[in-house]
Amino acid sequence: MGGSIGPLVAADEYFNHQIVETFATVAQTDYSWTEKVCLMAAAKDGSLQIGFGFGKYINRNVIDAYAGVARGTEQWTVRASRELSTDPDSVDVGPIRYEIIEPLRRIRAVLEPNDVQPVAFDLILEGVVPCVAEEREDRRNITGYRRTADQIRYHQTGVVASGWIEADGERIEVGPEDWVMTRDHSWGVRPGVGDDIADLAPDPTERYTPSILAVWNPLYFEHPDGSNYAFHQYLLHYEGPGYLHKVAQGGFEYADRPRDLITGIEPKITFDPRNRRFLGGAFHLAMSDGRIRVLEAEPVSDTGFHLGAGHYLRPNGERGGSWKGSFHLDGSYYADTSTPEAAEKLNQFRDCVIRVHDVETGATGWGNLQTWVAGTWPDMGLPE
């Protein structure tokens with residue numbers, strides 16, 4: 001369609017416009033523009049977990065998705081991609097569906113039975129606290145001329161209200177007593193979308209291995225009497241010669257009162273040098289009133305869905321947003337994602353299911369620990 005106005009879509013019927021344009025387009029032409037949903041749901045005992053995500057890349061005319069199941073070190077993943085313009089009002093792709101039941105409160109995630117992998121699920125996820133917008137993520141490369149990230153994200157923590165999961169011939173009914181969920185929704189410019197642009201000037205950071213520690217961690221806490229609250233932290237330390245970028249944000253979240261914000265994060269954690277998996281430790285949190293609050297964390301089991309199977313942080317040709325034709329469906333299976341070979345192929349980035357003890361309140365928490373660590377961190381078990 002030519003001209004200066006994009007096509008009309010269903011969202012244009014509502015009174016939500018903020019720019020002089022239709023909802024079919026975005027205000028900039030960057031091919032990295034992405035709107036993304038990512039979620040996980042896991043049994044509190046770490047026996048089973050699902051991973052699920054959608055990406056909408058308006059300037060690429062692509063919608064893609066992944067959905068899968070992790071059980072210990074096993075992981076099944078289904079991936080799908082299609083041309084956005086064939087159905088611009090939906091984010092459904094093949095057997096993978098996403099439904100908003102009650103905005104900012106309840107959503108439905110579906111992986112229909114398929115011929116790619118022997119897994120399927122149909123889950124209704126419900127937040128126990130309101131959605132929380134994180135601080136804007138604004139990053140540039142070391143020269144300062146290229147903005148590599150400019151996005152906002154909100155997250156929510158809660159439970160699986162109802163549903164079922166099938167994995168390798170076994171069907172399991174799930175509910176809020178034994179299952180937790182975490183989800184996020186982001187939009188803007190982000191790194192790692194599609195293939196690298198071949199004629200860009202080299203990024204100076206590619207000449208060395210930077211020191212990176214990234215932690216993104218939403219948690220659901222529960223007292224013995226059933227009362228609950230949530231927590232989220234985001235820590236980023238990215239350092240190299242002449243370059244240092246640090247972020248620390250988050251807080252404790254409640255259904256009936258404002259967040260209790262943190263002002264600093266001191267991680268005292270360790271990783272397995274073979275595959276960079278989280279082994280355990282504690283997070284010392286500086287609170288806004290000056291006190292220190294400690295969260296002691298440990299993996300519940302070996303379960304943790306590797307997001308690399310959903311094309312996060314993968315080599316060229318296997319990244320989110322890459323054009324794969326009018327419709328494409330494939331998948332993968334790993335019998336043991338913990339091996340160094342699997343970690344190299346999938347990368348270390350995963351939704352690790354953890355259990356946490358809040359020393360101040362005595363409550364027990366479960367949730368999702370996403371980590372990325374590179375470079376030398378001797379105190380964390382990574383001397384090289």
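Which residues is R293 in contact with, leaving aside its neighbours within four places in sequence? The views below start from that question, and they come from a predicted model.

**View 1. R293 and its surroundings.** Let's begin with the answer: R293 is in contact with Y229, F252, Y254, D260, F283, H284, L285, M287, D358, E360 and T361, once neighbours within four places in sequence are set aside. You can find R293 in strand β18, which covers residues 292-306. The relative accessible area of R293 is 3%, so this residue is buried, as the cut-off is under 20%. Look also for the side chain of D358, which is joined to the side chain of R293 by a polar contact of 2.7 Å.

**View 2. The closed barrel.** Step back a little to see the strands around R293. Here 8 strands make a closed barrel in the order β13-β14-β15-β16-β17-β18-β20-β21, and their pairing is antiparallel. On average, neighbouring strands of this sheet are turned by 30° against each other, direction ignored. For one pairing to follow by eye, take strand β15 (residues 243-253) and strand β16 (residues 260-271), which pair in the antiparallel sense over 2 bridges. F252 has D260 of β16 standing opposite, and both F252 and D260 appear among the contacts of R293.

**View 3. N217 in strand β13.** Another barrel strand, β13 (residues 211-222), holds N217. Is N217 buried or exposed? With a relative accessible area of 1%, N217 is buried, because that value falls under 20%. A polar atom of the N217 side chain lies 3.0 Å from the backbone oxygen of N368. Not counting neighbours within four places in sequence, the contacts of N217 are F231, H232, Q233, F283, I354, N368 and L369.

**View 4. Aromatic rings that pair up.** Now for the rings: the whole structure contains 14 aromatic pairs. One of them is formed by Y154 and W187, an edge-to-face pair with 6.2 Å from centre to centre and 70° between the planes. This pair links distant parts of the chain, since Y154 is in strand β10 (residues 147-167) and W187 is in strand β12 (residues 179-189), 33 residues apart. Y154 is buried, with a relative accessible area of 16%, whereas W187 counts as partly exposed at 29%. Next, find Y229 and F252, whose ring centres are 6.2 Å apart; their planes meet at 55°, so this pair is tilted. Y229 belongs to strand β14 (residues 228-240) and F252 to strand β15, so the pair ties together parts 23 residues apart in sequence. Y229 counts as buried at 3% relative accessibility, and F252 counts as buried at 0%. Y229 and F252 also belong to one aromatic cluster, together with F221, F231 and Y254.

**View 5. Two nonpolar cores.** In soluble globular proteins, nonpolar side chains tend to be buried together. The largest nonpolar core here has 36 residues, of which I50, F52, V69, I96, F121, L123 and I165 touch the most other members. Which strand gives this core its largest share? That is strand β1 (residues 33-43), with 5 residues. Take I165 as a guide: not counting residues up to four places away in sequence, I165 touches L48, I50, V69, A120, F121, L123, E170, R171, I172, V174 and W179. Another core, of 28 residues, lies apart from the largest one and has V215, F231, I354 and M380 among its members. You have already met F231 and I354, as both are in contact with N217.

Definitions and conventions: Residues are numbered from 1 along each chain as its sequence is written. This is a predicted model: local features need pLDDT of at least 70, side-chain atom pairs count only at pLDDT 80 or more; totals for chains, interfaces and linings use all residues. Side-chain values use heavy atoms; hydrogens and water are left out. Helices (H or I, at least four residues) and strands (E, at least two) are DSSP runs, numbered from the N terminus. Buried means under 20% relative accessible area, exposed over 50%, partly exposed in between (1.4 Å probe, protein chains only). A polar contact is a pair of N or O atoms within 3.5 Å; within protein, one must be able to donate a hydrogen and the other to accept it, and residues adjacent in sequence count only if both atoms are side-chain atoms. Contact means heavy atoms within 4.5 Å. A nonpolar core is a set of buried Ala, Val, Leu, Ile, Met, Phe, Trp, Tyr and Cys residues joined through side-chain atoms within 4.5 Å. Two strands pair if DSSP finds at least two bridges between them. Axes are lines fitted to C-alpha atoms, for helices over the stretch in contact, and angles run from 0 to 180 degrees between N-to-C directions. Rings of Phe, Tyr and Trp (its six-membered ring) pair if their centres lie within 6.5 Å; planes under 30 degrees apart count as stacked, over 60 as edge-to-face and the rest as tilted.
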